[in-house]
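Here is a friendly note to go with your first look at this model. Keep the structure open beside you, and take the points in order.

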Amino acid sequence: MMFFLSIFMATGPPFAGWTPLLRCAAVNGNLNIARVLIHNGANVNNMDRDGKTVLMNAALNGFEPLVKFLVSKGASVATKSEHGKTALDFAKSFDHERVIQFLHEQMEDYKKAQNEKKLKDARKERKESLDKMSLSSNQGVGQLSVPDAVSSMKSIEQLAQKRSSPTPEGLKI
């Protein structure tokens, strides 16, 4: 059976875009079969021809243990079908309350993580932007050593004295 399963999983489904795991989620929700399939490489985020994922099918059918297992194995709660529906939306369509509650909590955790990531990325981008501004404003202006700074100050003082004298040197009135 494992040989058949491996070939079937490698070559793809012969009908309706369903893999064995999609069929399990849509037909009977058998957790033991799902464990074996996933252990042997089944993709928990596979989609059928209608764009529904394994998780969406399990949620639609109210298979709570399978829904929880799929999420624990990395099934995305945020993926949307071709019609813009999530697994949570599918669970709501048939009032599967416990699945709805679980997926709602998972979706809130997902949104929180996404917001934290956006905030972290924005902070990183701001820091990089400030670093670039700092570098560009200092470009061409190196730090002066003490002797260079003293020499520059003397030059500035000499220039100021020349400007303050009533008659510049070499100028005849």
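1. A good residue to start from is Lys52, which is buried, with a relative accessible area of 17%. Please keep in mind throughout that this is a predicted model.

2. What does the side chain of Lys52 meet in a salt bridge? One partner is Asp48, at 3.8 Å from N to O. Both residues of this pair, Asp48 and Lys52, are buried.

3. Lys52 also forms a salt bridge with Asp50, where the closest N and O atoms are 3.9 Å apart. Asp50 is partly exposed, and its relative accessible area is 46%. Here a buried residue, Lys52 at 17%, is paired with a partly exposed one, Asp50 at 46%.

4. Please look next at Arg98 and Glu64, whose side chains meet in a salt bridge at 2.8 Å, N to O. This pair links distant parts of the chain: Arg98 belongs to helix 7 (residues 97–138) and Glu64 to helix 5, and the two are 34 residues apart. Is Arg98 buried or exposed? Arg98 is exposed, with a relative accessible area of 59%, whereas Glu64 counts as buried because its relative accessibility is 14%, and the cut-off for buried is under 20%.

5. Back to the earlier bridges for a moment: Asp48, Asp50 and Lys52 are joined into one network by salt bridges that share partners. The full count for the model comes to 5 salt bridges. As background, side chains of opposite charge can pair when their charged atoms come close.

6. Helix 5 deserves a look of its own. Spanning residues 64–72, helix 5 has as its buried residues Glu64, Leu66, Val67, Phe69, Leu70 and Val71. Glu64, then, is both on this buried list and a salt-bridge partner of Arg98. After helix 5 comes Gly74, which has a positive phi, near 100 degrees.

7. Finally, do visit Thr53. Where is Thr53 found? Thr53 sits in the loop between helix 3 (31–39) and helix 4 (54–60). Thr53 counts as buried because its relative accessible area is 1%. A polar atom of the Thr53 side chain lies 3.1 Å from the backbone nitrogen of Met56. Setting aside neighbours within four places in sequence, Thr53 is in contact with Leu22, Asn45, Asn46, Met47 and Thr79.

Notes: Residues are numbered from 1 along each chain as its sequence is written. This is a predicted model: local features need pLDDT of at least 70, side-chain atom pairs count only at pLDDT 80 or more; totals for chains, interfaces and linings use all residues. Side-chain values use heavy atoms; hydrogens and water are left out. Buried means under 20% relative accessible area, exposed over 50%, partly exposed in between (1.4 Å probe, protein chains only). Helices (H or I, at least four residues) and strands (E, at least two) are DSSP runs, numbered from the N terminus. A salt bridge is a side-chain nitrogen of Lys or Arg within 4 Å of a carboxyl oxygen of Asp or Glu. A polar contact is a pair of N or O atoms within 3.5 Å; within protein, one must be able to donate a hydrogen and the other to accept it, and residues adjacent in sequence count only if both atoms are side-chain atoms. Contact means heavy atoms within 4.5 Å.
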